[in-house]
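Let's take a walk through a protein model together, looking at where its side chains sit and where there is empty space. Have the sequence and the 3D view open as you read.

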Amino acid sequence: MLFDVDGVLTDGKLWYGPQGEALKAFHALDGLGIKLLIQTGTAVALLSGRSAPAVTQRAAELGIAHVLQGVEDKRAAFEALAAKLGIPAGETGFMGDELVDLPVLRRCGFACAPAQADERVRASAHYVTKAPAGGGAAREACEFVLRAQGRLETALSRYLA
């Protein structure tokens with residue numbers, strides 16, 4: 001399962017600090033959803049057109065092994081990662097929000113978009129979240145995937161016992 005960053009894991013606003021560094025706000029709900037995927041054996045990746053140290057740090061905190069930043073051609077990067085991992089494109093998922101994400105959304109097996117994504121992106125998605133980007137949308141998508149695989153209850157069992 002791959003996730004775009006800006007507009008998916010964040011609310012899409014671009015904040016810059018006094019030295020021009022990109023500041024990002026991530027939601028804890030999304031983080032646990034991603035951890036649940038990883039703990040149940042799903043490979044998780046971030047695929048972003050921008051680069052920011054905050055993304056690298058957040059990925060490390062969550063245990064995301066594959067972080068592709070500064071990517072101009074998302075489809076080519078997606079296909080290269082799928083080939084490297086030996087996963088057919090049709091067995092992957094991607095959550096994106098903007099037009100630059102459409103080539104991947106149209107190639108993967110499960111296309112997902114947050115509620116406020118571009119209307120053309122929402123129209124191409126198999127699933128559109130109710131939760132907003134940067135506010136639980138990724139968590140909702142993670143639980144959707146785990147539920148569809150019949151693994152949600154197992155994934156949550158350590159918390160619900």
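**Buried spots, a pocket and a cavity**

Let's start with Leu156, which counts as buried because its relative accessibility is 15%, and the cut-off for buried is under 20%. Keep in mind as you look around that this is a predicted model. To find Leu156 in the 3D view, go to helix 7, which covers residues 152-160. Now look for Lys84 as well: Leu156 and Lys84 are 72 residues apart along the chain, and their C-alpha atoms are separated by 30 Å.

Next, hop over to His66, a residue of strand 5 (residues 66-68). Is His66 buried or exposed? With a relative accessible area of 17%, His66 is buried, since that value falls under the 20% cut-off. So who is around it? If you skip the neighbours within four places in sequence, His66 is in contact with Val44, Ala45, Leu46, Leu81 and Leu85.

Leu46 is a handy link to our next stop, as this residue also helps line the largest cavity. How many cavities of 30 Å³ or more does the count come to? The count comes to one, and about 70 Å³ of space lies in the largest cavity. Two elements give two or more residues each to its lining: helix 1 (28-39) and helix 2 (53-62). Trace the lining in your viewer and you'll pass Leu9, Phe26, His27, Asp30, Gly31 and Ile34, then Leu46, Arg58, Ala59, Leu62 and Ile64. Sorted by class, the lining of this cavity holds seven nonpolar, two polar and two charged residues.

Now for the largest pocket, where you'll find about 370 Å³ of space. This pocket is lined by 22 residues, and those closest to its centre are Met1, Thr42, Glu91, Thr92 and Gly93. Which helices each supply at least two residues of the lining of the largest pocket? They are helix 3 (74-85) and helix 6 (137-148). Helix 3 gives the most, with four residues. As for the character of the pocket lining, 14 residues are nonpolar, seven are polar and one is charged.

To retrace your steps, go back to buried Leu156 and buried His66, then turn to the cavity with its 70 Å³ or so of space, and finish at the pocket with about 370 Å³.

Notes. Residues are numbered from 1 along each chain as its sequence is written. This is a predicted model: local features need pLDDT of at least 70, side-chain atom pairs count only at pLDDT 80 or more; totals for chains, interfaces and linings use all residues. Side-chain values use heavy atoms; hydrogens and water are left out. On a 1 Å grid over the protein atoms alone, a cavity is a set of points where a 1.4 Å probe fits but cannot get out, and a pocket is an open set with protein on both sides within 12 Å along at least five of seven lines; lining residues have an atom within 4 Å of a point. Grid points are joined across faces, edges and corners, and a volume is the space filled by probe spheres set on the points. Ala, Val, Leu, Ile, Met, Phe, Trp, Tyr, Cys and Pro count as nonpolar, Asp, Glu, Lys and Arg as charged, and the others, Gly among them, as polar. Buried means under 20% relative accessible area, exposed over 50%, partly exposed in between (1.4 Å probe, protein chains only). Contact means heavy atoms within 4.5 Å.
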